[in-house]
Amino acid sequence: FEAQSYLCMTSFGWKRKRLRDLGSASATAFTEDDGEETLQEDVDWLAACKKARRGELMLLEDSGARSKRLQQEGAILAESERYWEAVKYWNEALELTPDCAALYEMKAQVLMELSECFLAVQCAEKATQLEPTWVLGWQTLGRAQLGIGDVHMALRSFEKALHLDPSHEEVRNEDLTWAQKLVKQKESIL
């Protein structure tokens, strides 16, 4: 996937739901029992079922839309350097869409800004598990690994990112060369 065209995937499960909002006229039709079956003409059963179905569909759409809104609001907060608030928004979005690699990747970047490098590595690893062919996920993982001092793993992550997209100049010219210099410095010290 390209970074610009990457969309969060959501998983949906089919669940049975009771029709709760049938309305008072519909509810009384079930509770009144005088021993014989009578047809109540003032209850619009078709409209009640359609209303309930629309409500269920709206719930599915609302969680995805809410997650996307929380993701965007978190990005705005992060750009304003309100990092902990951004993390809070993204955590809430991850509860709604736990398979969204972009959320984990953005959260990892912000955690690095907060010097929470171990948590950043965990989030970046989750992003690469969800999207193993996403270059930006591997790049963020490599940067987070550098943050905890794991230079060799960072080098491997940058190499993986470059393997996935050999034309990615930032990974090639900045991240990979920086990690290679750090490996050489570390080896010269030992």
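**Exercise 1. Which residues in H7 meet which residues in H8?**

Before starting, keep in mind that this is a predicted model.

*Solution.*
- Step 1: find the two helices. H7 covers residues 151–164 and H8 covers residues 169–189.
- Step 2: list the H7 side of the contact. Val151, His152, Leu155, Phe158, Glu159, Ala161 and Leu162 are the ones to pick.
- Step 3: do the same for H8. Val171, Arg172, Asp175, Leu176, Ala179, Gln180, Leu182, Val183, Lys186 and Glu187 are their partners.
- Step 4: sort the contact of H7 with H8 by class. You should get 10 nonpolar, two polar and five charged residues.
- Step 5: work out the geometry. The two axes come within 9 Å and cross at roughly 155°. Angles over 145 degrees count as roughly antiparallel, and that makes H7 roughly antiparallel to H8. H7 passes H8 in a left-handed crossing.

**Exercise 2. Describe how H3 packs on H4.**

*Solution.*
- Step 1: know what to report. Two packed helices are described by the angle between their axes and the distance between the axes.
- Step 2: read off both values. For H3 (residues 83–96) and H4 (residues 101–113), the angle is about 155° and the axes are 10 Å apart.
- Step 3: name the arrangement. H3 and H4 are therefore roughly antiparallel to each other, and H3 passes H4 in a left-handed crossing.
- Step 4: look at who touches whom. From H3 come Tyr83, Val87, Trp90, Asn91, Ala93 and Leu94, and they meet Leu103, Tyr104, Met106, Lys107, Val110, Leu111 and Glu113 of H4.
- Step 5: class them. The residues in the contact of H3 with H4 are 10 nonpolar, one polar and two charged.

**Exercise 3. Work out the surroundings of Glu105, starting with whether it is buried or exposed.**

*Solution.*
- Step 1: place the residue. Glu105 sits in helix H4.
- Step 2: check its accessibility. With a relative accessible area of 7%, Glu105 is buried, because the cut-off for buried is under 20%.
- Step 3: collect its contacts. Leaving out residues up to four places away in sequence, Glu105 touches Ala127, Trp134, Leu136, Gly137 and Thr140.
- Step 4: add a second glutamate. The C-alpha atoms of Glu105 and Glu125 are separated by 8.7 Å, and the two residues lie 20 residues apart along the chain.

**Exercise 4. Look at the backbone of Glu81 and Ser115: what is phi in each?**

*Solution.*
- Step 1: recall the usual case. Most residues other than glycine have a negative phi.
- Step 2: take Glu81. Its phi is near 60°, so to speak on the positive side, and it isn't a glycine. You'll find Glu81 in the loop between helix H2 (45–79) and H3. At 60% relative accessibility, Glu81 counts as exposed.
- Step 3: take Ser115. Its phi is positive too, about 60°, and again the residue is not a glycine. Ser115 belongs to the loop between H4 and helix H5 (117–130). Ser115 is exposed, at 59% relative accessible area.

**Exercise 5. How many disulfides does the whole structure hold?**

*Solution.*
- Step 1: recall the bond. A disulfide is a covalent bond between the sulfur atoms of two cysteines.
- Step 2: search the whole structure. The count is zero.
- Step 3: check the accessibility of two cysteines. Cys117 is buried at 17% relative accessible area, and Cys123 is buried at 8%.

**Exercise 6. Sum up the fold: how many helices and strands are there?**

*Solution.*
- Step 1: count the elements. The protein has eight helices and zero strands.
- Step 2: look at burial. Of the 190 residues, 33% are buried.
- Step 3: look at the contacts with a separation of 6 or more. Residues 24 or more positions apart account for 52% of them.

Conventions
Residues are numbered from 1 along each chain as its sequence is written. This is a predicted model: local features need pLDDT of at least 70, side-chain atom pairs count only at pLDDT 80 or more; totals for chains, interfaces and linings use all residues. Side-chain values use heavy atoms; hydrogens and water are left out. Axes are lines fitted to C-alpha atoms, for helices over the stretch in contact, and angles run from 0 to 180 degrees between N-to-C directions. Helices (H or I, at least four residues) and strands (E, at least two) are DSSP runs, numbered from the N terminus. Angles under 35 degrees count as roughly parallel, over 145 as roughly antiparallel, 65 to 115 as roughly perpendicular and the rest as oblique. A crossing is left-handed if the near helix is turned anticlockwise from the far one by less than a right angle, and right-handed if clockwise. Contact means heavy atoms within 4.5 Å. Ala, Val, Leu, Ile, Met, Phe, Trp, Tyr, Cys and Pro count as nonpolar, Asp, Glu, Lys and Arg as charged, and the others, Gly among them, as polar. Buried means under 20% relative accessible area, exposed over 50%, partly exposed in between (1.4 Å probe, protein chains only). A disulfide is a pair of cysteine sulfur atoms within 2.5 Å.
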